[in-house]
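Let's take a walk through this structure together, one piece at a time. Keep the view open as you read, and turn it whenever a new part comes up.

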Amino acid sequence: MHVEGDRDVCVGAGMCVLTAPDVFDQDDDGIVKVLHEQPDAGEEDVVRQAATLCPSGAVKLLS
Amino acid sequence: MITYPQQRTCPYHPSPGYGELRDGTPLRKVQLVNGQEAWVVSGHEQARALLADPRVSADRTNTGFPMIVPAGVAAIQTAPNRPFLVRDDPEHNRFRRMLISEFTVRRLRQLRPEIDRIVHDRIDAMLAAGPPADLVTAFSLPVPSLVICRMLGVPYADHEFFEKATSGILRGRTPQESTKAGADLLEYLTALAADPPPGLIARLKRERVGTGQMSLDELAFTALLLLGAGHETTASMITLSVIALLEHPEQLAAFRTGHDAVPASVEELLRYLTIVESILRVAVGDIEIAGEVIKAGEGIVIATGVVNRAEDAFDEPDRFDLGRSAVHHVAFGYGVHQCLGQNLARTELQVALPALFDRVPGLRLAAPVGELELRPIMTIQGVNALPVTW
C-alpha cells in the first residue's frame with residue numbers, strides 16, 4: 001500500500017491523525033503530513049479507515 | 001408527505017414523527033416547516049456523497065436555499081461579510097486555512113491540561129454550592145465558555161452577555177429579538193477586535209487584517225461564529241450526555257470503569273445525541289443520486305439525526321452502545337465544511353464527562369426526563385436546564 005496526502009484539498013479536520021497517528025500528522029498549518037508512505041501490513045486497516053473518514057478526500061491510497 | 005423538521009419528544013431521540021424517513025428510502029422531497037420544498041436525505045452513503053460533492057453549495061444567499069433557521073442566524077448568514085461556514089470554495093478554504101492551526105490534534109493535546117483545570121474548578125464550585133444544582137449553568141455551559149474565551153481572547157467576565165446574546169440569536173421569542181441579539185453580539189465583537197486581548201482574535205488581526213487578507217468586519221463575523229459554535233454546541237453535548245448516561249445505568253457503569261475507552265464512547269455519544277439535526281445545502285448543478293435527480297437550485301437537507309440512526313450504517317441504531325465503533329457518524333458533518341472545532345469538542349467531552357462522574361459519584365437527575373424543557377427543533381438540540389443532585 002502507498003499513501004499520499006493531498007495538501008491542496010486537505011481541510012485540516014485531523015481525522016487521519018486521530019485514526020492512524022503513526023502514519024499521519026498535521027504540519028504547523030494543520031495540513032496533512034504523511035509520516036510513512038508505505039505503511040506496514042499491520043497498519044493497512046487503520047489507514048483504509050483514515051481514507052474513508054477523511055472529509056475532503058485528501059488521504060489517497062494507491063495500491 | 002411528512003413535514004420537516006419535527007420537534008423531539010425525548011431529549012436524545014429524533015422525533016417519533018420521522019418514522020417515514022426511516023423506511024430505507026435514502027432521500028425524498030419533503031415540505032419544510034417554512035413552506036419550502038427540499039430533498040431530505042436520510043441515507044448514510046448518500047449524505048456523505050452529497051456533503052462531499054462540489055455541486056452542493058453552502059451559500060445561503062442562493063434563492064433555493066432551505067432556510068429553516070432562526071431569523072438572527074439567517075441575518076448573520078446572508079450578510080455581505082458572512083462567516084466562511086456559509087461560503088463556498090475557494091473563499092471558504094481561504095478563511096478556513098487561516099484557522100486550522102488553532103484546532104489541530106497536537107494543539108488540542110497542548111490545551112488539554114488547561115481544559116482539565118477548568119473542568120475541575122467548575123466541579124469544585126458546584127460541589128461547594130450544592131446539592132442540588134442546575135447542571136447547565138453550573139457545569140455544561142461554563143466549561144466550554146471558559147475554554148473558547150481563553151482560545152479567542154474574549155474576556156470571560158463578559159460571559160453573561162455573550163451567552164445570553166447567543167441564546168437570543170438561536171432561541172429569541174420573536175424574529176426581531178433574534179436579529180437584535182445577533183446585531184448586539186456583532187457590535188460587541190467588532191469593538192473587541194479594535195483592541196483585542198491576547199488570543200486568536202489578536203493574532204488574526206495582526207497576521208491577517210494587518211496584511212489585508214481579512215477585513216475587520218470579516219474578523220468580527222469569524223469571531224462570532226467561533227464564539228457561538230464554541231460554547232453552545234459542547235454545552236448541549238455535555239448536558240445530553242449526562243442525561244443519556246444516567247438513563248442507561250449499564251452503559252454508565254461501563255463508562256466509569258473503561259477510561260481507555262472514553263474516546264470511543266464520546267463518538268457513540270456524538271452519534272446517538274446528534275445535537276445538530278440538519279445540515280442545509282442547495283444544489284448548484286444537477287445531481288443523479290439513488291435513482292433520483294436533484295436539480296440545480298433545489299434545496300437539500302441532510303437529516304443528520306436520522307442518518308446517524310441508519311440501519312445500513314449502524315447495527316441496531318437506536319441502541320445506545322458505548323462499545324460500538326461509531327466513528328463514521330456525521331454529527332460533525334462531512335466534506336470540506338466538516339466541523340472545524342471537532343477536536344476541541346472531542347477533547348472537552350473526553351475530559352469533562354469522566355471527571356464529572358468520578359468526582360460526583362452519586363450524581364442523579366432531580367427531575368423526570370419527561371418534564372425537561374426541550375430546545376426548539378430549528379436550533380442546537382438540548383435542554384434549557386438540568387436539575388441534578390448527588
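How many bridges join β6(B) to strand β9 of chain B? There are 4 of them, and the two strands run antiparallel. Keep in mind as you look that this is a predicted model. To pin the pairing down on screen, find B:L280, which stands opposite B:V301 in β9(B).

Stay with β6(B) for a moment. The strand covers residues 279–283 of chain B, and 5 of its 5 residues are buried. In a regular strand, side chains alternate between the two faces of the sheet. You can follow that here: B:I279, B:R281 and B:A283 point one way, while B:L280 and B:V282 point the other way. Both sets are buried. β6(B) also pairs with β4 (residues 56–57) of chain B, in the antiparallel sense and over 2 bridges. There, B:V56 has B:A283 as its bridge partner.

Now zoom out to the sheet these strands belong to. It is an open sheet of 6 strands in chain B, with the order β1-β2-β3-β9-β6-β4 and mixed pairing. The edge strands are β1 (3–4) and β4 of chain B, each pairing on one side only. At the β1 end, β1(B) and β2 (residues 27–32) of chain B pair in the parallel sense over 2 bridges, with B:T3 opposite B:Q31. Helix α1 (residues 44–51) of chain B lies across β3, β4, β6 and β9 of chain B, and runs at about 125° to β9(B).

Chain B has another open sheet to look at, this one of 3 strands in the order β5-β11-β10, with antiparallel pairing. β5 (133–134) and β10 (364–365) of chain B each have a single partner strand, so one side of each is left without a neighbour in the sheet. Between β5(B) and β11 (residues 387–389) of chain B you will find 2 bridges, and B:D134 has B:P387 as its bridge partner.

On to the helices. Does the length of α7(B) fit what its residue count calls for, and what span should its 13 residues have? At 1.5 Å a residue they should span 18 Å, and the end C-alpha atoms are 17 Å apart, which agrees. Among the buried residues of α7(B) are B:F162, B:A165, B:I169 and B:L170. What covers the buried residues of this helix includes α2, α6, α8 and α10 of chain B. In α3(B), the buried residues are B:H92, B:N93, B:F95, B:R96, B:M98 and B:L99, and they pack against α9 and α10 of chain B.

For a single residue to study, try B:M151 in helix α6 of chain B. Its relative accessibility is 9%, so B:M151 counts as buried. Leaving aside neighbours within four places in sequence, its contacts include B:E102, B:F103, B:L111 and B:L344. B:M151 and B:L227 are 76 residues apart in sequence, yet their C-alpha atoms are 9.6 Å apart in space.

Next, turn to where the two chains meet. Chain B brings 20 residues to the contact and chain A brings 23. The area buried between them is about 1600 Å², with carbon and sulfur atoms giving 49% of it. The rule finds 2 salt bridges across this interface, including one between A:D28 and B:R106 at 3.7 Å, N to O. B:T104, in the loop between α3 and α4 of chain B, is in contact with A:Q26 and A:G30. At 5% relative accessibility, B:T104 counts as buried.

Let's finish with salt bridges inside each chain. Over all chains, the whole structure has 32 salt bridges. In chain A, A:D6 and A:K60 form one, with the closest N and O atoms 2.8 Å apart. A:D6 sits in the loop between β1 and α1 of chain A and A:K60 in strand β4 of chain A, so the pair ties together parts that are 54 residues apart in sequence. In chain B, the side chains of B:R82 and B:D59 meet at 3.7 Å, N to O, in a salt bridge. This pair links parts 23 residues apart: B:R82 lies between α2 and α3 of chain B, and B:D59 between β4 and α2 of chain B. B:R82 is buried, with a relative accessible area of 15%.

Definitions and conventions
Residues numbered from 1 in each chain as written. Chains lettered and ligands numbered in written order. Predicted model: local features only at pLDDT ≥ 70, side-chain atom pairs only at ≥ 80, totals over all residues. Heavy atoms only, no water. Buried < 20%, exposed > 50% of the residue type's maximum accessible area, 1.4 Å probe, protein only. Pairing = 2+ DSSP bridges. Contact = heavy atoms within 4.5 Å. Axes fitted to C-alpha atoms, helices over the stretch in contact; angles between N-to-C directions. Expected span 1.5 Å × (residues − 1). Buried area = accessible area lost by both parts, 1.4 Å probe. Salt bridge = Lys/Arg side-chain N within 4 Å of Asp/Glu carboxyl O.
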